Structure formats: structure tokens, C-alpha cells
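Reader: I would like to go through this model with you and ask, for each label, what it rests on. Please show the sequence and the structure before we begin.

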Amino acid sequence: HRAVLDRVPERYLETALPKAGGRVVVLTASQGREYLYSKGTLLERGKGRGVVQLNTDKSVLTLSLDDLAEWLGPFEEDG
């Protein structure tokens with residue numbers, strides 16, 4: 001049985017990250033507003049940073065792991 005939790009304090013939440021090769025979504029605009037909510041592939045991760053290749057334009061960004069979360073939905077071209 002699934003339940004939707006509302007008003008959960010942020011201190012109790014933690015984002016999940018995939019292994020290298022997994023799908024991620026950018027959660028902040030630290031690299032520019034155009035990247036907010038962009039999806040991509042995590043190429044590398046370590047020492048608090050992740051290297052992501054964006055799905056839309058294939059550009060590569062290095063971001064804090066705090067700026068990323070695992071993406072479980074489809075990429076746009078997945079249909």
C-alpha cells in the first residue's frame with residue numbers, strides 16, 4: 001500500500017543517486033537556469049561532485065552531488 005506524505009520536514013529527506021551510467025535530474029540552477037530540471041546521465045561521481053552529460057544537448061557539467069537526484073522517469077526521447 002502506497003501513501004503520499006505531505007509536509008515532511010526537509011531534514012528528514014535525502015536524495016538518491018545512481019551509480020555511474022545512471023539517469024539523473026538537475027535540482028538547482030547553480031550552473032544556470034537553463035539547466036534546472038534537465039535530465040542526463042551520470043558519467044562519474046566522487047568527492048561530492050558528479051559529472052553529468054545532459055540528455056538534450058549532450059553538454060557535460062560538473063555539479064555538486066547535492067544538486068542531483070536519481071531520475072526514474074523516462075527521458076523525453078524514450079517516448
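Reader: What percentage of the residues in the chain is buried?

Author: This is a predicted model, and in it buried residues make up 32% of the 79 residues in the chain.

Reader: Why is L42 called buried?

Author: The relative accessibility of L42 is 0%, and since buried means under 20% relative accessible area, L42 counts as buried because its value falls under that cut-off.

Reader: Where in the secondary structure is L42 placed, and what does the chain as a whole contain?

Author: L42 has its place in strand β2, which covers residues 39-46; the chain comes to five strands and zero helices, and its pattern along the sequence reads β-β-β-β-β.

Reader: Which residues does L42 touch, leaving aside those up to four places away in sequence?

Author: With contact taken as heavy atoms within 4.5 Å, L42 touches P18, K19, A20, G21, G22 and V24, and also G50, V51, V52 and L68. As for E70, which is 28 residues from L42 along the chain, the C-alpha atoms of the two are separated by 9.1 Å.

Reader: What share of the contacts in the chain between residues at least 6 apart in sequence joins residues at least 24 apart?

Author: Of those contacts, 41% join residues at least 24 apart.

Reader: How many positive and negative side chains does the chain have, and how far apart do the centres of the two sets lie?

Author: There are 11 positive and 12 negative side chains, with the centres of the two sets 4 Å apart, while carbon and sulfur atoms supply 50% of the roughly 5,900 Å² that the chain exposes.

Key:
Residues numbered from 1 in each chain as written. Predicted model: local features only at pLDDT ≥ 70, side-chain atom pairs only at ≥ 80, totals over all residues. Heavy atoms only, no water. Helix = DSSP H or I, 4+ residues; strand = E, 2+ residues; numbered from the N terminus. Buried < 20%, exposed > 50% of the residue type's maximum accessible area, 1.4 Å probe, protein only. Areas by Shrake-Rupley, 256 points an atom, 1.4 Å probe, with all protein chains shown as cover. Lys, Arg positive; Asp, Glu negative; His and termini not counted. Charge placed at Lys NZ, Arg CZ, Asp CG, Glu CD.
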